[in-house]
Amino acid sequence: MTPLTLVIGNKNYSSWSLRAWLLMKHVGVTFEEIVIVLDTPGTREALERHGPSGRVPVLHHGALTVWDSLAICEYVAELTGKGWPEHREARAVARAVAAEMHSGFTTLRSLWPMNARARNRHTAVTAALEADVERIDELWNDCRGRFGEGGPWLFGAYSIADAMYAPVVLRFNTYGAGISQTARWYMASVLEDAALQEWLQAAKQEPWTIAADEVG
Ligand SMILES: N[C@@H](CCC(=O)N[C@@H](CS)C(=O)NCC(=O)O)C(=O)O
């Protein structure tokens, strides 16, 4: 197969990059990665060299460039036949929860930025933040309850939905979200995942800090 190259941001902070990277690890495709250090004077130029949106992640496959984390996951799912649940109803719900993440939870994303290596951070919990946390908790419970049989993931087997919510798990871990037992159990599965552990080890080694994302 034509080689795949995934362009990502700092592993400690780039939540969108993590989604595409994790999915690619889970479906077992081989790819090269290029890390662009975010929040430096050279960042903009480096980002624009790789994709039209000036954002990461970006996937290069031969002459094709795919930007946007969910579009990359979809493309990799088409290449490999892996990534979405097999059953049509489960697949429809998996797409809905992935889309809900992609287009929503803006309060959670802005008040609790992903900071993979940080622990025991505390921030004021606003009503809007609490509502985002509660909705995610409800959603995880619903997926696990209806579709989780047969594996530890939201739809049993690993899917794009799990990749989409992995950065949320890291945020909950950093800022200490109050969540249900099922949600805590799901978080433990995500945190023990070998691919995520590989990402976290690399994040720990990174020398860069983004002050705006050091919260709590
Ligand atoms: N909707 C896009 C969002 C991508 C995005 O916002 N990426 C951030 C990093 S996580 C970025 O590239 N920021 C540019 C910058 O920091 O200069 C996606 O899903 O890929």
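Where does D68 lie? D68 sits in the loop between β4 (64–67) and α3 (69–80). Helices here are DSSP runs of H or I with at least four residues, strands are runs of E with at least two, and both are numbered from the N terminus. This is a predicted model, in which local features need pLDDT of at least 70, side-chain atom pairs count only at pLDDT 80 or more, and totals for chains, interfaces and linings use all residues. Residues are numbered from 1 along each chain as its sequence is written, and side-chain values use heavy atoms, with hydrogens and water left out.

Stay with D68. Its phi is positive, about 90°, although D68 is not a glycine. D68 counts as partly exposed because its relative accessibility is 32%. The classes run as follows: buried is under 20% relative accessible area, exposed is over 50%, and partly exposed is in between, with a 1.4 Å probe and protein chains only.

D68 also leads to the ligand. A polar side-chain atom of D68 lies 3.1 Å from a nitrogen atom of the ligand. A polar contact is a pair of N or O atoms within 3.5 Å; within protein, one must be able to donate a hydrogen and the other to accept it, and residues adjacent in sequence count only if both atoms are side-chain atoms. R44 approaches with its side chain too: a polar atom there is 3.4 Å from an oxygen atom of the ligand. V56 uses its backbone instead, with an N or O atom 2.8 Å from a nitrogen atom of the ligand. The protein covers 77% of the 510 Å² of accessible area that the ligand has on its own. Such areas come from the Shrake-Rupley method with a 1.4 Å probe; for residues, only the protein chains shown count as cover.

Now take the whole shell. The ligand is surrounded by S14, S15, W16, L38, R44, L47, R55, V56, P57, D68, S69 and H102. A residue is near the ligand if one of its heavy atoms lies within 4 Å of it. By class, the shell has five nonpolar, four polar and three charged residues. Ala, Val, Leu, Ile, Met, Phe, Trp, Tyr, Cys and Pro count as nonpolar; Asp, Glu, Lys and Arg count as charged; the others, Gly among them, count as polar. Two helices, α1 (15–27) and α2 (43–50), each supply at least two residues of this shell. The space taken by the ligand is the largest pocket.

Look next at the neighbours V56 and P57, both in the shell. A cis peptide bond joins V56 and P57, with omega about 10°. P57 lies in the loop between α2 and β3 (58–61).

Move on along the chain. S110 is in helix α5 (residues 106–111). S110 counts as exposed because its relative accessibility is 53%. S110 and L129 are 19 residues apart along the chain, and their C-alpha atoms are separated by 9.5 Å. N120 follows, in the loop between α5 and α6 (127–147). N120 has a positive phi of about 55°, yet N120 is not a glycine. With a relative accessible area of 65%, N120 is exposed.

Which loop holds E149? E149 lies between α6 and α7 (160–175). G156 is found in the loop between α6 and α7 as well. E149 is exposed, at 79% relative accessible area, whereas G156 is buried, at 2%. The C-alpha atoms of E149 and V27 are separated by 20 Å, with their positions 122 residues apart along the chain. G156 and L70 are 86 residues apart in sequence and 20 Å apart in space, C-alpha to C-alpha.

Finish at A194, in helix α9 (residues 194–205). A194 counts as exposed because its relative accessibility is 61%. A194 and S53 are 141 residues apart in sequence, and their C-alpha atoms are 31 Å apart.

Technical notes
1 Å grid on protein atoms, 1.4 Å probe; cavity = no way out; pocket = protein on both sides within 12 Å on 5 of 7 lines; lining within 4 Å. Sits in = over half its atoms within 2 Å of the grid points.
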